[in-house]
Amino acid sequence: NPSATAYVYLRSRPGKGFWDRAGVRTNPLRFDASKGASITCTGIYAYAIYVTQPYTRFYGLQIAQTDGTTNAQSAVYSAQQYTTFDSCIIEGNTPTAGVLELATGNCSVTRSLVINRKSGAAKIAVLNSGSSAYSTVFACTGASPAAVGVDGLYGAPTLRNVHVGHATAPV
C-alpha cells in the first residue's frame, strides 16, 4: 500500500528532462516535447494524467492536454491525497475546469508552471479540499488568456509565492 515512505515516483531520466538537459537556460517556459520528457493527451473527455492512488509524486515533467474542443478535460486530475507535482510544466486548453485539478486536500504543487491556453472563462487551476486539509501551491506561476486564476472549492488552498497572470497569448 502506498504511504509516505512507499510512494509512486514518476520523473524523467537524468539529462532527459526540460530542467536538466543541455541548453536548459535557453528553453522557453512552455510545453515543448522536443525539450525533454513529456506526457501528452489529445483525446476528448480524457486527462493526460489521472492519479488513482495516494502518495504519488511527479517531478520535472511536461504534461499537456492539447484537445481544444469544448469537451477538453484538465491536463492533470487527482482525487487522491498526498499527490505532489514538483518542477513541472502543466499546460492545456480546458474551457471550464482548470488545467490542474486537485479534487482533494493534502496535495502540493511546487516550482511549477501551469498554463491554460483557452480563451474565455478558462481557469488555471481548481483546488478542492473536501473534508481534508487544504492543498498547498508554492513558488509557481500560472497564466491564462482569461485570467480567471485559481478556484478554491470547498475551502481555500494555501498559495505562497505564486504569480497568477493574464496573458493575451501565452508564449
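## Tyrosine pairs

Tyr82 is partly exposed, its relative accessible area being 34%. This is a predicted model. Tyr82 stacks with Tyr55: the ring centres are 4.6 Å apart and the planes meet at 10°, so the pair counts as stacked. A stacked pair needs planes under 30 degrees apart.

The two partners come from distant parts of the chain, 27 residues apart. Tyr55 sits in the loop between β3 (49-51) and β4 (56-59). Tyr82 sits in the loop between β6 (76-78) and β7 (84-86).

## Other aromatic contacts

How many aromatic pairs does a search of the whole structure find? The count is 7. One of them joins Tyr7 and Tyr9. This pair is edge-to-face, with 85° between the planes and 6.3 Å from centre to centre. Both rings belong to partly exposed residues: Tyr7 has a relative accessible area of 36%, and Tyr9 has 43%.

Tyr7 also has a charged partner. Arg57 lies over the face of the Tyr7 ring, 3.6 Å from the ring centre. Elsewhere, Tyr47, Tyr50 and Tyr77 make up one aromatic cluster.

## Glu101 in strand β9

Is Glu101 buried or exposed? Glu101 is buried, because its relative accessibility is 14% and the limit for buried is under 20%. Glu101 belongs to strand β9, which spans residues 98-102.

Which residues does Glu101 touch, leaving aside neighbours within four places in sequence? The contacts are Ser74, Val76, Tyr77, Ser78 and Val126. Tyr77 is thus listed twice here: as a contact of Glu101 and as a member of the cluster with Tyr47 and Tyr50.

## Cysteines

The model has 0 disulfides. A disulfide would need two cysteine sulfur atoms within 2.5 Å. Cys140 is in no disulfide. The nearest cysteine sulfur to Cys140 belongs to Cys88, and that sulfur is 9.4 Å away. Why is Cys140 in no disulfide? Because 9.4 Å is not within the 2.5 Å cut-off.

Cys140 counts as buried, at 5% relative accessibility. Cys41 is buried too, with a relative accessible area of 11%.

Notes: Residues numbered from 1 in each chain as written. Predicted model: local features only at pLDDT ≥ 70, side-chain atom pairs only at ≥ 80, totals over all residues. Heavy atoms only, no water. Buried < 20%, exposed > 50% of the residue type's maximum accessible area, 1.4 Å probe, protein only. Helix = DSSP H or I, 4+ residues; strand = E, 2+ residues; numbered from the N terminus. Contact = heavy atoms within 4.5 Å. Phe/Tyr/Trp six-rings, centres within 6.5 Å; stacked < 30°, edge-to-face > 60°. Lys NZ or Arg CZ within 6 Å of the ring centre and 35° of its normal.
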